[in-house]
Amino acid sequence: MKYTKSLLLAALLPAMAVAADRDGAPAAGLQRIQQADLREGISYLASDQLDGRMSLQPGDDQAIAWVAKAFQQAGLQPIGTDGHGHPGYLQAVPLIEYRADAKASYLELTVAGQTRRLSWADAHGALPFARTAHGDLVFAGYGITAPELGYDDYAHIDVRGKIVVLFEHEPRETDPASPFNGTGNTRYATAYVKVLNAQKHGAIGVLFAGEPEHNHPTVEEIRDRIGHRQEHAANPIPLQALADQAVQIPSMSLSPAVAAELLAHTGQSALQLQQAIDQGLKPLSQPLASASATLKLQPTDVRRGISYNVVGLLPGSDPKLKSDTIIISGHHDHDGESGGKIWHGADDNASGTVGVVELARAFTAAGHAPKRSILFAVFAAEERGLLGAYYLAAHPLRPLATTRAMINFDMIGRDETPSPQTAGLIDVPANTHNRLNLIGAAYSPDYARTVAAANHAVGLDLDDRFDHEYALNVFFRSDQFPFVLHNIPAFWWFTGFHPDYHHPTDTPEKINYPKMQKILQLAYLSGWAFADETTPPRFVAAPKGQSKDVYTAAP
């Protein structure tokens with residue numbers, strides 16, 4: 001089967017080269033993208049030698065050095081500064097590694113003068129530094145402030161010095177007509193954004209309550225479906241955080257029973273509260289009568305370290321437009337080793353790392369640069385919480401205001417197949433040998449149209465299913481998301497989940513190299529178009545839910 005696909009791809013290359021020349025992307029760059037290079041790179045990064053590329057471990061340091069050398073050999077311009085202040089291809093990302101101390105951390109509830117301490121099973125959370133918050137409890141709905149949608153859970157309540165209780169996700173998730181992007185997620189649905197919003201409004205702590213009416217598993221249930229925690233049970237993966245992370249207040253997740261008990265102090269049940277907010281899309285924020293809490297988070301096994309984003313620049317050729325930036329990115333870390341098993345991470349994300357390197361080679365082999373500049377970035381510590389991407393977004397090497405588009409590769413090497421993680425939550429097409437998922441069209445239909453037009457020369461099956469689902473939290477789970485928070489048209493290019501996801505069995509021989517080659521050819525044509533277009537993709541701040549035929553311009 002692979003032999004047949006390779007022959008077909010060879011037959012298509014002349015037509016693709018003509019299309020590339022016609023559209024401005026030099027054919028020399030397109031032809032530079034070769035399966036042999038993809039196979040060689042992935043075989044090295046996912047080898048036993050790199051020991052699973054755990055962030056802050058020697059194997060990941062080897063991956064960082066490999067990418068930096070590849071950028072240098074490709075002829076990219078160094079644009080980073082390492083931890084010693086030296087210029088080069090590294091941007092230092094200071095991290096804190098730690099574990100949650102379940103014995104020293106706790107939540108105490110005081111209701112009508114009676115205080116009790118909850119078990120870790122009923123309330124748990126983590127921070128890289130010790131924090132204690134004590135205050136009255138306030139229900140603040142979904143914890144969302146979305147002025148462009150005319151919705152604000154904090155509009156008529158003062159939460160300064162208080163601990164807020166929030167529903168997870170967002171209103172009307174099962175409603176295709178919801179102003180919150182129909183059945184897809186908006187950037188307001190993630191806990192990270194909710195905690196930052198609570199902090200901005202003066203809250204000193206956050207308690208998360210699962211919605212009584214929900215059709216999505218919890219984060220813990222998703223992890224159990226993957227089997228990730230069971231695989232690492234003997235040696236759980238430590239947590240990591242940015243040393244200068246934006247979140248400074250503690251937060252905890254509540255069990256359904258505790259959440260229901262607390263919200264009953266509004267005079268309504270949790271279900272009644274959710275249904276009323278969803279129906280009217282009006283806040284019902286209010287104090288929880290006679291209820292206060294002490295929330296303490298204490299880390300243990302704390303150590304500091306530095307990982308690195310690997311970055312290189314191809315300056316644009318147009319005197320005016322070269323100040324604009326297109327980002328092409330992936331992440332280099334994975335889940336390391338435990339119990340004698342290595343988490344090889346061939347698809348996640350040796351495939352994306354090699355993809356960025358191969359595109360750096362393709363763009364520099366083109367013979368001349370496109371009009372806008374291209375920043376190639378391979379991020380640190382994605383598996384620990386998109387940390388390298390959040391760091392670059394907070395400490396940009398090029399202005400974010402003139403960053404016009406982002407192509408982010410995370411798992412671009414496999415055929416999507418059913419797995420316990422997706423069972424019952426999202427349908428997987430019967431044949432995914434030629435399929436690419438693109439995530440982000442709700443925030444930039446222009447971007448989607450440019451990719452669809454470029455796909456005429458490539459012929460992939462483009463899929464936007466993950467833009468219309470909320471159960472898997474996919475929109476928040478890769479490095480494009482921190483840039484969406486800065487109003488940048490940023491898409492995650494993704495070939496989908498499979499049973500080897502976050503298991504030691506994610507190995508190089510399972511990669512679909514012919515399809516990966518086509519994906520990179522499409523990214524080359526699309527990236528060149530973004531860099532040369534007179535009008536770059538627009539960002540849509542208030543997505544209304546995009547039609548599922550967004551990619552019908554593709555064959």
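## Exercises on a predicted model

Strand β8 and strand β11 run parallel and are joined by three bridges. The model is predicted, and the exercises below work through its confidence, strands, cores, one helix and aromatic contacts.

### Exercise 1. Confidence

Find where pLDDT stays under 50, and set that stretch against the protein's average.

**Solution.**
- Step 1. Take the average. The protein has a mean pLDDT of 93. A score of at least 70 is reached by 93% of the residues.
- Step 2. Look for the weak stretch. Residues 1-11 stay under 50. For this stretch the model has 14 contacts beyond four places in sequence.
- Step 3. Decide how to read it. Where pLDDT is low, predicted coordinates should not be read in detail.

### Exercise 2. Strand β11

Which residues of β11 point each way, and are they buried or exposed?

**Solution.**
- Step 1. Recall the rule. Side chains in a regular strand alternate between the two faces of the sheet.
- Step 2. Sort the residues. Ile163, Val165 and Phe167 point one way, and Val164 and Leu166 point the other way. All are buried. Five of the five residues are thus accounted for as buried, and β11 is mostly covered.
- Step 3. Add the neighbours. β8 pairs with β11 in parallel through three bridges. In this pairing, Phe139 stands opposite Val165.
- Step 4. Turn to β12 (residues 205-209). Five bridges link this strand to β11, again in the parallel sense. Leu166 has Phe208 of β12 as its bridge partner.

### Exercise 3. Strand β20

Explain why β20 (residues 373-379) is described as largely enclosed by the rest of the structure.

**Solution.**
- Step 1. Count the buried residues. Seven of the seven are buried, so the strand is largely enclosed.
- Step 2. Check each face. On one side lie Ser373, Leu375, Ala377 and Phe379. On the other lie Ile374, Phe376 and Val378. Both faces are covered.
- Step 3. Identify the strand partners. β16 (residues 299-314) runs antiparallel to β20, with five bridges. β17 (residues 325-331) runs parallel to β20, with seven bridges.
- Step 4. Fix the register. Val311 stands opposite Ala377. Ile328 has Phe376 as its bridge partner.

### Exercise 4. The cores

Which residues have the most contacts inside the largest nonpolar core, and which helix gives this core its largest share?

**Solution.**
- Step 1. Name the hubs. The core has 97 residues, and Leu107, Leu137, Val164, Leu207 and Phe483 have the most contacts inside it.
- Step 2. Find the main contributor. Helix α11 (residues 387-394) supplies six residues, the largest share.
- Step 3. Follow one hub. Beyond four places in sequence, Phe483 touches nine residues, if the list is read in full: Ile327, Phe379, Ala389, Leu392, Ala393, Leu400, Met406, Ile488 and Ala490.
- Step 4. Look for another core. A second, separate one has 69 residues, including Leu30, Ile326, Leu359 and Ile412.

### Exercise 5. Helix α9

Where do the buried residues of α9 (residues 270-280) lie around its axis, and what do they pack against?

**Solution.**
- Step 1. List them. Ala270, Leu273, Gln274, Ile277 and Asp278 are buried.
- Step 2. View the helix down its axis. These residues fall within an arc of 120 degrees, so they line one face.
- Step 3. Name the packing partners. They are β8 (131-139), β10 (151-152), β11 (163-167), α8 (256-263) and β15 (286-297).
- Step 4. Look just past the helix. Leu281 follows α9, with a positive phi near 50 degrees.

### Exercise 6. Aromatic pairs

The structure holds 24 aromatic pairs. Describe the geometry and setting of Tyr142 with Phe167, then of Phe475 with Phe476.

**Solution.**
- Step 1. Take Tyr142 and Phe167. Their centres are 5.5 Å apart and their planes make 55 degrees, a tilted pair.
- Step 2. Place them. Tyr142 lies in the loop between β8 and β9 (145-146), and Phe167 in β11. They are 25 residues apart, and the pair links distant parts of the chain. Both are buried.
- Step 3. Take Phe475 and Phe476. This pair is also tilted, at 5.8 Å and 55 degrees.
- Step 4. Check burial against the 20% cut-off. Phe475 has 6% relative accessibility, so it counts as buried. Phe476, at 11%, also counts as buried.
- Step 5. Widen the view. Phe71, Phe363, Phe376, Tyr524 and Trp528 form one aromatic cluster.

Technical notes
Residues numbered from 1 in each chain as written. Predicted model: local features only at pLDDT ≥ 70, side-chain atom pairs only at ≥ 80, totals over all residues. Heavy atoms only, no water. pLDDT = per-residue confidence, 0-100. Contact = heavy atoms within 4.5 Å. Core = buried A, V, L, I, M, F, W, Y, C linked by side-chain atoms within 4.5 Å. Buried < 20%, exposed > 50% of the residue type's maximum accessible area, 1.4 Å probe, protein only. Helix = DSSP H or I, 4+ residues; strand = E, 2+ residues; numbered from the N terminus. Pairing = 2+ DSSP bridges. Arc of directions from axis to C-beta. Phe/Tyr/Trp six-rings, centres within 6.5 Å; stacked < 30°, edge-to-face > 60°.
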